[in-house]
Amino acid sequence: PAQPGYDPEALYRALHALLTGPCRHTAGGTPILLVLDDFEALLDPPQGDGHWQVTPTAEAPLAAIIRAFDAADTDSRLLLTCRYRFPFAAHERDLAARLLAVHLPEMPDSDARKQAEQRRRAANLKQQTGADAYRALTERALEAARGNTGLRDLLFRAALVDQHAAEAAIEAVEAHFLDGALPQDEKLRETLETL
């Protein structure tokens, strides 16, 4: 998001110069892949039957980035990872129309288990009792998330930080799907409200 004194046109000019200069493949440069990961963090939830909207503080930077890629003759690419489609107009143009929506299949549970195990090793959770408890929690998280990758990842991360809190979060998710009750945890509640 933009900071005070931030100049989106400076971002546009700098990125455009990079894309048409050192990163222009046809001129012997090396193309880049710019990834804006977890982009839904910069979206506001829909009001009523509306669409997800880019937050006001992210509008100018996003417009500058999309315009720079759009204006450059380059093999470089921009990738936004996001679960939601959103309208986005700026500079009197529909910039969202310049984005190609590519649906990725859900990660199979077997791959999610491997990912969870890699996270456990990276977090140095080596004690066997802790590792076994973590694996049991990830199995419950897979069931509780019901295929929602964002919710699953949130529960996986919780299991690494505090297994008691993770168990409470999983129970809250299970209760939500049973009776619609929303949990007290704000991040978890926000995630469930978007399902």
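1. Let's start with one residue, aspartate 153. Its relative accessibility is 18%, so aspartate 153 counts as buried, since the cut-off for buried is under 20%. Please keep in mind as you read on that this is a predicted model. Aspartate 153 belongs to helix α5. Setting aside residues up to four places away in sequence, aspartate 153 touches Gln115 and Arg119.

2. Those two partners lead us to a helix pair. Two packed helices are described by the angle between their axes and the distance between the axes. For helix α3 (residues 109-122) and helix α5 (residues 149-161), the angle is about 30° and the axes are 10 Å apart. That angle makes α3 roughly parallel to α5, because angles under 35 degrees count that way. Their crossing is right-handed. On the α3 side, the contact is made by Ala112, Gln115, Ala116, Arg119 and Arg120, and on the α5 side by Arg152, Asp153, Phe156, Arg157 and Leu160. Sorted by character, the residues of this contact comprise 4 nonpolar, 1 polar and 5 charged.

3. Helix α5 has another neighbour to look at. How are α5 and α6 oriented to each other, parallel or antiparallel? They pack at an angle of about 150°, with their axes 6 Å apart, and α5 and α6 are therefore roughly antiparallel. The cut-off for that description is over 145 degrees. The crossing of α5 past α6 is left-handed. From α5, the residues Leu151, Leu155, Ala158, Ala159 and Val161 meet Gln163, Ala166, Ala169, Ile170, Val173 and Phe177 of α6. Here the division is 10 nonpolar, 1 polar and no charged. It is worth finding both contacts of α5 in the structure and looking at them side by side.

4. A third pair sits earlier in the sequence numbering: helix α1 (residues 8-20) and helix α2 (residues 56-71). Their packing angle is about 30°, and their axes are 8 Å apart. α1 and α2 are therefore roughly parallel to each other, and they cross in a right-handed way. Which residues of α1 meet α2? They are Pro8, Glu9, Leu11, Tyr12, Leu15, His16 and Leu19, and their partners in α2 are Ala60, Pro61, Ala64, Ile65, Arg67, Ala68, Phe69 and Ala71. The residues in this contact divide into 12 nonpolar, 1 polar and 2 charged.

5. Staying with α2, have a look at alanine 63, which is placed in this helix. Alanine 63 has a relative accessible area of 4%, so alanine 63 is buried. Leaving out residues up to four places away in sequence, alanine 63 touches Phe88, Ala90, His91 and Leu95. To get a sense of distance, compare its C-alpha atom with that of isoleucine 170: the two are 107 residues apart along the chain and separated by 38 Å. Isoleucine 170 is one of the α6 residues that meet α5.

6. Now for the strands. Strand β1 (residues 33-36) and β4 run parallel and are joined by 4 bridges. Where in β4 is the bridge partner of leucine 36? The partner is leucine 80. Strand β4 (residues 77-80) has a covered face, made of Leu78 and Leu80, and an uncovered face, made of Arg77 and Leu79. So that you can connect the two statements: leucine 80, the partner of leucine 36, is on the covered face.

7. A loop residue deserves a comment too. Aspartate 38 is found in the loop between β1 and β2 (43-44). Its phi is near 55°, a positive value in a residue other than glycine. Is aspartate 38 buried or partly exposed? Aspartate 38 has 43% relative accessibility and so counts as partly exposed.

8. Aspartate 38 can also be paired with glycine 150, a residue of helix α5. These two are 112 residues apart along the chain, yet their C-alpha atoms are separated by 9.3 Å. Glycine 150, at 23% relative accessibility, counts as partly exposed.

9. My last point concerns proline 183, placed in the loop between α6 (163-179) and α7 (186-193). With a relative accessible area of 9%, proline 183 is buried. The C-alpha atoms of proline 183 and aspartate 70 are separated by 42 Å, and the two residues are 113 residues apart along the chain.

Methods. Residues numbered from 1 in each chain as written. Predicted model: local features only at pLDDT ≥ 70, side-chain atom pairs only at ≥ 80, totals over all residues. Heavy atoms only, no water. Axes fitted to C-alpha atoms, helices over the stretch in contact; angles between N-to-C directions. Parallel < 35°, antiparallel > 145°, perpendicular 65-115°, else oblique. Left-handed = near helix turned anticlockwise from the far one by under 90°. Contact = heavy atoms within 4.5 Å. Nonpolar A, V, L, I, M, F, W, Y, C, P; charged D, E, K, R; others polar. Buried < 20%, exposed > 50% of the residue type's maximum accessible area, 1.4 Å probe, protein only. Pairing = 2+ DSSP bridges.
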